[in-house]
Amino acid sequence: MHNIFSRVNNVSAFLSSCMMTLLAAIALSSFLFTARPQGDLTVSSIKVVSSNARRYPNKKQDLAFVHFNITADLTPLFHWNTKQLFLYLEAEYANKQGVKNEVVIWDRIVRKKEDAVIKFEGKNKYVFRDISASFNGVPPASYSLKYNLMPYVGVLQYGEAARTSEPVAFPATQSRL
């Protein structure tokens, strides 16, 4: 009949086909879960200070410090195929030349459903600066709380949990921290 190698080959081919079909079904079923998380984002204050640039000590660079409040319930995003959730606060503004910029100023990884109710009050985690070296004359920025859902199997899903109701203007530059 057949030797042992052809039998092992047939069984492993069948099992790998079954496994691929199961993984494809899991990935497609993730699209059935369409959750809309609710959140609130407020910017309490913005402080812009002039500082020396890191690499060029003789050049001045404006740094913005954004103080914000986040309250969000992200528990609807967690289901049986959710591995973790990457949550980030993004500032969207146009610089003096009219180029649209999107800058991540804060982030957090949520791994458990129990930790998915976010209540955070603080300031930006990352340096917020404009490439033109100054925030003077820059139009107001709008801030949004976005997420990236990372499943065990399937494609990444992106979404927005909260947004500021209206753009927030940058104040005048202060000379020192």
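1. Helices here are DSSP runs of H or I covering at least four residues, and they are numbered from the N terminus. In this predicted model, helix 1 spans residues 4-29, and Ile26 lies within helix 1.

2. As to the overall make-up, the protein has 1 helix and 8 strands, and reading along the sequence gives the pattern α-β-β-β-β-β-β-β-β. The radius of gyration is 24 Å, well over the 16 Å that the globule rule gives for 177 residues, so the protein is more spread out than a compact globule. Taken along the principal axes, the box filled by the C-alpha atoms is roughly 85 × 35 × 25 Å.

3. On packing and surface, 38% of the 177 residues count as buried, while the protein exposes about 11200 Å², of which carbon and sulfur atoms supply 57%. When contacts between residues at least 6 apart in sequence are considered, 69% of them join residues at least 24 apart.

4. The charged side chains comprise 21 positive and 13 negative ones, and the centres of these two sets lie 9 Å apart.

5. Returning to Ile26, its contacts, once residues up to four places away in sequence are set aside, are with Trp80, Asn81 and Val153. By contrast, the C-alpha atoms of Ile26 and Val49 are separated by 50 Å, although these residues are 23 apart along the chain.

6. Gln84 is placed in strand 3. Because buried means under 20% relative accessible area, Gln84 counts as buried with its relative accessibility of 15%. The side chain of Gln84 makes a polar contact, at 3.2 Å, with the side chain of Arg111. Arg111 also appears among the residues that Gln84 touches beyond four places in sequence, together with Ile109, Val110, Asn148, Leu149 and Met150.

7. Asn95 has its place in the loop between strand 3 (82-94) and strand 4 (100-110), and, with a relative accessible area of 7%, Asn95 is buried. A polar atom of the Asn95 side chain lies 2.9 Å from the backbone nitrogen of Val99. Apart from neighbours within four places in sequence, the residues in contact with Asn95 are Asn101, Asp130, Val138 and Pro139.

8. Taken together, Gln84 and Asn95 are two sites to inspect side by side: Gln84 is a buried residue of strand 3, whereas Asn95 is a buried residue of the loop between strand 3 and strand 4. For each of them a side-chain polar pairing can be checked in the model, with the side chain of Arg111 in the case of Gln84 and with the backbone nitrogen of Val99 in the case of Asn95.

Methods: Residues numbered from 1 in each chain as written. Predicted model: local features only at pLDDT ≥ 70, side-chain atom pairs only at ≥ 80, totals over all residues. Heavy atoms only, no water. Buried < 20%, exposed > 50% of the residue type's maximum accessible area, 1.4 Å probe, protein only. Polar contact = N/O pair within 3.5 Å; in protein donor to acceptor, adjacent residues only side chain to side chain. Contact = heavy atoms within 4.5 Å. Rg over C-alpha atoms; globule rule 2.2 N^0.38 Å. Areas by Shrake-Rupley, 256 points an atom, 1.4 Å probe, with all protein chains shown as cover. Lys, Arg positive; Asp, Glu negative; His and termini not counted. Charge placed at Lys NZ, Arg CZ, Asp CG, Glu CD.
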